[in-house]
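Please look over the sequence and the structure shown below before reading on. The paragraphs that follow lead you through the model step by step.

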Amino acid sequence: MTTYLITGASRGIGRALMAGALARGDSVIATARNPENTNWPEGAEVHALDVQDQPAHRRLAEVLGTRTIDALICNAGIYLGRGRIGDAAFDTADWQATLMTNVAGPFFAVEAFLPHLARAKAPRIAIISSQMGSSARAGGGAYIYRASKAAATNLAVNLAKDLAPQGIAVAAYHPGWVRTDMGTSAAAIDVEESITGLLQQIDDLSMAESGRFLFYSGEEIPF
Ligand code: NDP
């Protein structure tokens, strides 16, 4: 049985990852910034965690005590400022919120839950990034989100280097263009297809794959 800690599990991809893992008998420590706003499945373990809040990560790490986390999935994310320069507001608050959520959030989680990962036999960290952060696939516009996901992938690559001596594998993933509140109903795939692929990739993540940026179906993405 695998124990996952998933951030941003209240809806979308995070919620589906939680449901998919629970359905196959795995254990999930789900986190959400406002857990009281969500109807959780019977028996779900849910903790309040705003990923922008570094001390809150440390408090949750203490609550978890000596428990083991096999796979940390840094999923929580926001997408603000979808326009192009000149036709949308890219203000300070949007930059701050996005960089704190999409970049600092995964870092705070890795930092806080390292001791729990270190107890696992084959510890893994998955940072849910986006191919919109790939400079090789730059499409223009959405600057805040693209920059944040470029940084999230970069974070995964650097953590992979630093955590290799401890045997902790780290990779960044693009979940596909998924029909969620963020992806919108126009997106290419449903959430089941995305999370089935992601769970498979995360389960298979070995030290040999550490530091890579992968599509939910396993293909490497240039960044
Ligand atoms: P949704 O907008 O549907 O869900 C986002 C989730 O993140 C919600 O659970 C939300 O919680 C949570 N969240 C946002 N901010 C915080 C915070 N500060 N603290 C804790 N939780 C927070 O997005 P998706 O499910 O589609 O996206 C999940 C991840 O996948 C994101 O990182 C996104 O960038 C990435 N992604 C998605 C794609 C898509 O097509 N959908 C494509 C590429 C990447 P709350 O309910 O409280 O708002």
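A good place to begin is with one pair of charged side chains: in this predicted model, Glu220 forms a salt bridge with Arg212, and the closest N and O atoms of the two are 2.5 Å apart. Side chains of opposite charge can pair when their charged atoms come close. Glu220 counts as partly exposed, because its relative accessibility is 43%, and Arg212, with a relative accessible area of 24%, is partly exposed as well.

Salt bridges that share partners can also be followed from one residue to the next, and in this way Arg24, Asp26, Arg124 and Asp203 are joined into one network. Within it, the side chains of Asp26 and Arg24 meet in a salt bridge with an N to O distance of 2.8 Å. Asp26 has a relative accessibility of 12% and therefore counts as buried, since the cut-off for buried is under 20%. Arg24, in turn, counts as partly exposed because its relative accessibility is 40%.

Another salt bridge links the side chains of Arg59 and Asp53, where the distance from N to O is 4.0 Å. Is Arg59 buried or exposed? Its relative accessibility is 53%, so Arg59 counts as exposed, whereas Asp53, at 26%, counts as partly exposed. For the protein, the count of salt bridges comes to nine.

From the charged side chains we can turn to the backbone and its regular elements. The protein has five helices and seven strands, and if you read along the sequence, these elements follow the pattern β-α-β-β-α-β-α-β-α-β-α-β.

Strand 1, which covers residues 3-6, shows how one such element is surrounded, for both of its faces are covered. Thr3 and Leu5 lie on one side of the strand, Tyr4 and Ile6 lie on the other, and all of them are buried.

Which strands pair with strand 1? One of them is strand 2, residues 27-32, which pairs with strand 1 in the parallel sense over four bridges, and in this pairing Thr3 stands opposite Ser27 of strand 2. To get from strand 1 to strand 2, the chain passes through helix 1, residues 12-23, and this β-α-β crossover is right-handed. Strand 4, residues 71-74, also pairs with strand 1 in the parallel sense, here over three bridges, and the bridge partner of Leu5 in strand 4 is Leu72.

Finally, it helps to step back and consider the protein as a whole. Along its principal axes, the C-alpha trace spans about 50 × 40 × 35 Å. For 223 residues, a compact globule would have a radius of gyration near 17 Å, and because the protein has 16 Å, its value agrees with that expectation. Of these 223 residues, 51% count as buried. Among the contacts with a separation of 6 or more, 67% are accounted for by residues that are 24 or more positions apart in the protein. The accessible surface comes to about 10100 Å², and carbon and sulfur atoms hold 52% of that area.

Terms used:
Residues are numbered from 1 along each chain as its sequence is written. This is a predicted model: local features need pLDDT of at least 70, side-chain atom pairs count only at pLDDT 80 or more; totals for chains, interfaces and linings use all residues. Side-chain values use heavy atoms; hydrogens and water are left out. Buried means under 20% relative accessible area, exposed over 50%, partly exposed in between (1.4 Å probe, protein chains only). Helices (H or I, at least four residues) and strands (E, at least two) are DSSP runs, numbered from the N terminus. Two strands pair if DSSP finds at least two bridges between them. A crossover is right-handed if, with the strands pointing away from the viewer, the path from the first strand over the helix to the second runs clockwise. The radius of gyration is taken over C-alpha atoms; the globule rule is 2.2 Å times the number of residues to the power 0.38. Contact means heavy atoms within 4.5 Å. Accessible areas come from the Shrake-Rupley method with a 1.4 Å probe; for residues, only the protein chains shown count as cover.
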